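User: I'd like to go through this model with you and ask where each label comes from. Could you start with how far the prediction can be trusted?

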Amino acid sequence: MGKVHPPPSTSITVPRRRGRWLTVWVPSVLGGVFGISSFLVLGVSSLIGGAGLLAPLLAGAGVGVVVGGGLGILLRNRGPAPVRLSAGRAEMPVGTRPVLERMVRSTKRERRRLARMRRRRPGPLVKPVLKRAEALLQRIDALAGSPSLQSRRASDEDVMMLEGMASRYVPDLVQALEDTAGFLASPTDEARQQAAANVRSIDEQLAALDREVDRLESDVIDRLARNLDVHSEFLRHRLPDQRTDPLTGR
């Protein structure tokens, strides 16, 4: 039986985030335009009828809030789907769930911190590092949500490595980035240069964690391929008349 070669691991990319001009200014402007237009139309009609402007004003404000709020909801940046801690058909070993829950809480907390940093409009040196950190957190969540990892013991080397990334390494680097970003605008050249060097170092360490996640993803795929080989061999013995591999084309 030929060896099945697992597909190359693919990195999870962060969906492109909509800018503040689209998520805030567009709904605000359109809501204001619709609200003012409604007030003018209703106000003219009300004046012709001899009534006051209070009702048209309230109606215009209501139209503006509805239009602007609706657009704001439609155009908002959505967060990643929550991680499902279920091993499917496989039973999750005792002790694994608390570890995974700590990982999920930590990645959620770090994403909130990254969101706060983005709202401060970081410079061009910090933006790609934020993007790399967010992508890394998403990849960690994807591994934590995989049945293959959830079926392992808490003492498994890969589970411990992933938990260390989520609970210690990434939070420490994100905290260091947050502490360093403010010094990039320092009035002294020496402080700015040191801050820039620190940001580059943080980025390099995040890249190293990315490579480790590559290895973990490849290991998950390798295990899946080996399980498929076992199933294929089982069917081959149970179905001796079958001329072709039942799992051909994997």
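**Confidence and labels**

Analyst: Happy to. The average pLDDT of the chain is 76, and 60% of the residues score at least 70. Keep in mind that this is a predicted model.

User: Which helix has the lowest mean pLDDT, and which the highest?

Analyst: Helix H1 (residues 20-48) has the lowest mean among the elements, at 66, while H6 has the highest, at 94.

User: What makes residues 1-15 a stretch to treat with care?

Analyst: Over residues 1-15 pLDDT stays under 50, on a scale that runs from 0 to 100. The model does have 28 contacts beyond four places in sequence for this stretch. Still, where pLDDT is low, the predicted coordinates should not be read in detail.

User: Thanks. How many helices and strands does the chain have?

Analyst: There are seven helices and zero strands. Written along the sequence, that gives α-α-α-α-α-α-α.

User: What share of the residues is buried, and what share of the longer-range contacts joins residues at least 24 apart?

Analyst: Buried residues account for 33% of the 250 in the chain. For contacts between residues at least 6 apart in sequence, 74% join residues at least 24 apart. The accessible surface comes to about 15,800 Å², and 59% of that belongs to carbon and sulfur atoms.

User: What makes up the largest nonpolar core?

Analyst: That core has 31 residues, and Met103, Ile140, Leu162 and Leu177 have the most contacts inside it. Helix H3 (96-119), helix H4 (127-144), helix H6 (157-181) and helix H7 (189-238) each supply at least two of its residues. As background, nonpolar side chains in soluble globular proteins tend to be buried together.

User: Which residues does Met103 contact, leaving aside its neighbours within four places in sequence?

Analyst: With those neighbours set aside, Met103 is in contact with Ile140, Ala144, Leu162, Glu163 and Ala166.

User: Let's turn to charges. Why is the pair Arg139 and Asp210 called a salt bridge?

Analyst: Their side chains meet at 3.1 Å, N to O. The cut-off is 4 Å between a side-chain nitrogen of Lys or Arg and a carboxyl oxygen of Asp or Glu, so a pair of this kind at that distance qualifies. Arg139 lies in helix H4 and Asp210 in helix H7, so the salt bridge ties together parts that are 71 residues apart in sequence.

User: And how do you know whether Arg139 and Asp210 are buried or exposed?

Analyst: Buried means under 20% relative accessible area. Arg139 has 2%, so the label is buried. Asp210 has 13%, so Asp210 is buried as well.

User: What else does Asp210 touch, beyond neighbours within four places in sequence?

Analyst: Asp210 is in contact with Arg132, Leu136 and Arg139. There is also a network of salt bridges that links Arg132, Arg139, Asp203, Asp210, Asp214 and Glu217. A search of the whole structure finds 19 salt bridges.

User: What makes Arg215 and Asp158 a salt bridge, and which helices do they lie in?

Analyst: The closest N and O atoms of Arg215 and Asp158 are 3.2 Å apart, and the cut-off is 4 Å. Arg215 belongs to helix H7 and Asp158 to helix H6, so this pair ties together parts 57 residues apart in sequence.

User: Why do Arg215 and Asp158 get their accessibility labels?

Analyst: Partly exposed covers the range between under 20% and over 50%. Arg215 has a relative accessible area of 36%, so Arg215 is partly exposed. Asp158 has 8%, which means that Asp158 is buried.

User: How do you know that Asp156 and Arg152 form a salt bridge?

Analyst: Their closest N and O atoms are 3.4 Å apart, set against the 4 Å limit. Both Asp156 and Arg152 are buried.

User: Last topic, the surface. Why is Leu58 called exposed?

Analyst: The label needs over 50% relative accessible area. Leu58 has 57%, so Leu58 counts as exposed. Leu58 sits in helix H2 (residues 54-75), and Leu54, Leu57 and Leu58 make a nonpolar surface patch of about 330 Å².

User: And what makes Tyr169 partly exposed?

Analyst: Tyr169 has a relative accessible area of 39%, so the label is partly exposed. Tyr169 is found in helix H6. Leaving aside neighbours within four places in sequence, Tyr169 contacts Met161, Gly164 and Leu209. The C-alpha atoms of Tyr169 and Leu209 are 8.5 Å apart, with their positions 40 residues apart along the chain.

Key
Residues are numbered from 1 along each chain as its sequence is written. This is a predicted model: local features need pLDDT of at least 70, side-chain atom pairs count only at pLDDT 80 or more; totals for chains, interfaces and linings use all residues. Side-chain values use heavy atoms; hydrogens and water are left out. Patches are made of residues with over 30% relative accessible area and no salt bridge: like charges are joined within 9 Å, nonpolar side chains (Val, Leu, Ile, Met, Phe, Trp, Tyr) within 5 Å. Accessible areas come from the Shrake-Rupley method with a 1.4 Å probe; for residues, only the protein chains shown count as cover. Helices (H or I, at least four residues) and strands (E, at least two) are DSSP runs, numbered from the N terminus. Buried means under 20% relative accessible area, exposed over 50%, partly exposed in between (1.4 Å probe, protein chains only). A nonpolar core is a set of buried Ala, Val, Leu, Ile, Met, Phe, Trp, Tyr and Cys residues joined through side-chain atoms within 4.5 Å. Contact means heavy atoms within 4.5 Å. pLDDT is the predictor's confidence in each residue, from 0 to 100.
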